[in-house]
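I opened the model to look up a few places in it. My notes follow in the order in which I went through them.

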Amino acid sequence: MSTLENLSCPIDSALLIRHERVLTCEHGHTYDLAKTGYVNLLPVQNKRSKDPGDSKEMVVARQAFLNQHHYFPIVSAILSSWPKDHLVSGVRILDAGCGEGYYLSEIGHAMSQQGIDAERTGLDISKWAIVAASKRDKTVSWLVGSNASLPAPNERYDAVLCLFGFPIFKEFARVLSEDGLMLLVESGPNHLIELREILYPSIHDYKQTFSEGIADFELVLEQAETFTFTLNTQEKIQELLSMTPHIHKASYEGREAVKQLDSIILTADIKLRWYRKKTKEVNHV
Ligand SMILES: C[S@@+](CC[C@H](N)C(=O)[O-])C[C@H]1O[C@@H](n2cnc3c(N)ncnc32)[C@H](O)[C@@H]1O
Ligand SMILES: [Zn+2]
């Protein structure tokens with residue numbers, strides 16, 4: 001069961017105590033559990049828009065695509081590259097920008113098959129994503145919240161995952177325990193290249209993200225994962241397109257050309273980077 005324990009009030013950072021289906025802080029702010037068991041810790045004043053994050057339609061399309069398990073090799077790669085000193089029972093994991101929960105749920109199943117019992121929390125700014133996630137898996141604590149201001153005390157987690165998301169490194173470092181891990185998963189140079197060649201007249205050069213390093217973190221492992229998969233209906237191709245940035249970036253002509261396809265063989269090219277939180281330097285007097 002999800003515990004929803006040891007979280008903090010998004011208004012004043014006080015610890016939240018759970019009494020059945022309500023979380024309360026010492027200043028009297030209360031947060032009810034939704035019917036499906038998640039809790040909304042994104043106060044109205046922290047919202048930039050009325051319905052932030054991915055829309056309901058985007059969530060539905062991503063869920064339909066991910067449920068076909070074409071991206072399961074990413075789950076396997078995450079598990080096999082997980083630094084072994086942190087792959088232990090009791091490990092506390094936060095998936096920051098978890099979407100509709102596919103990866104965190106599958107990671108939990110894969111870990112329990114290896115006898116590892118992890119405490120998992122999934123957070124996303126999109127209510128639609130968290131509604132879907134909370135229906136998918138009842139063993140995870142699901143939160144609506146923002147990476148910009150995580151509703152968790154300092155050093156609450158041992159690993160923060162950010163998969164195709166929007167990392168806020170200061171916050172990730174704050175909620176990570178000493179020598180805690182951060183995983184960034186992003187697309188590599190050839191990701192969905194066959195689709196991009198149809199969508200765009202020319203392909204931009206690939207730019208490595210965070211190539212100058214990330215303050216408070218040291219890179220411990222970098223791995224590329226490449227595999228191919230086939231989509232054999234126009235509907236499946238559109239589902240994939242809806243979960244990529246190309247749906248907004250590509251031209252009308254490009255998107256029309258994709259509409260003519262009945263099937264396509266695609267390359268997935270994924271980059272995984274594991275970082276460790278730097279230990280604070282102690283000033284010896
Ligand atoms: C490309 S999706 C990736 C979702 C999921 N990690 C996956 O790989 O299936 C990016 C997600 O980040 C969420 N998001 C955007 N801004 C966010 C923020 N400030 N804090 C938390 N999540 C955010 C979106 O709602 C969306 O679900
Ligand atoms: Zn409060």
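How are the donor residues of the zinc ion (ligand 2) spaced in sequence? I read the spacing as C-x2-D-x12-C-x3-H. I note at the outset that this is a predicted model.

**Zinc site.** I listed the donor atoms next. Cys9 and Cys25 each give SG, His29 gives ND1, and Asp12 is listed twice with OD. The distances to the zinc ion (ligand 2) run from 2.1 to 2.7 Å. I then checked how two of these donor residues are covered. Cys9 has 2% relative accessibility, so I put Cys9 down as buried, because buried means under 20%. Asp12 is at 26%, so I entered Asp12 as partly exposed.

**Charge patch.** I looked at the surface for grouped charges. I found a patch of positive charge there, made up of Arg18, Arg21, Lys56, Lys135 and Lys138. I picked Arg21 from this patch for a second look. Arg21 sits in the loop that joins β2 (15–19) to β3 (22–24). Its relative accessibility is 42%, and therefore Arg21 counts as partly exposed.

**Gln234.** My last entry concerns a residue of helix α7, which spans residues 234–242. Gln234 belongs to this helix. I asked whether Gln234 is buried or partly exposed. At 21% relative accessibility Gln234 counts as partly exposed, because the buried class takes values under 20%. I also checked Gln234 against Leu261: the two are 27 residues apart in sequence, and their C-alpha atoms are 6.1 Å apart in space.

Note on methods. Residues numbered from 1 in each chain as written. Chains lettered and ligands numbered in written order. Predicted model: local features only at pLDDT ≥ 70, side-chain atom pairs only at ≥ 80, totals over all residues. Heavy atoms only, no water. Patch = residues over 30% accessible without salt bridge, like charges linked within 9 Å, V, L, I, M, F, W, Y side chains within 5 Å. Areas by Shrake-Rupley, 256 points an atom, 1.4 Å probe, with all protein chains shown as cover. Salt bridge = Lys/Arg side-chain N within 4 Å of Asp/Glu carboxyl O. Lys, Arg positive; Asp, Glu negative; His and termini not counted. Charge placed at Lys NZ, Arg CZ, Asp CG, Glu CD. Helix = DSSP H or I, 4+ residues; strand = E, 2+ residues; numbered from the N terminus. Buried < 20%, exposed > 50% of the residue type's maximum accessible area, 1.4 Å probe, protein only. Donors = N, O, S within 2.8 Å, 3.2 Å for Na, K, Ca; no water.
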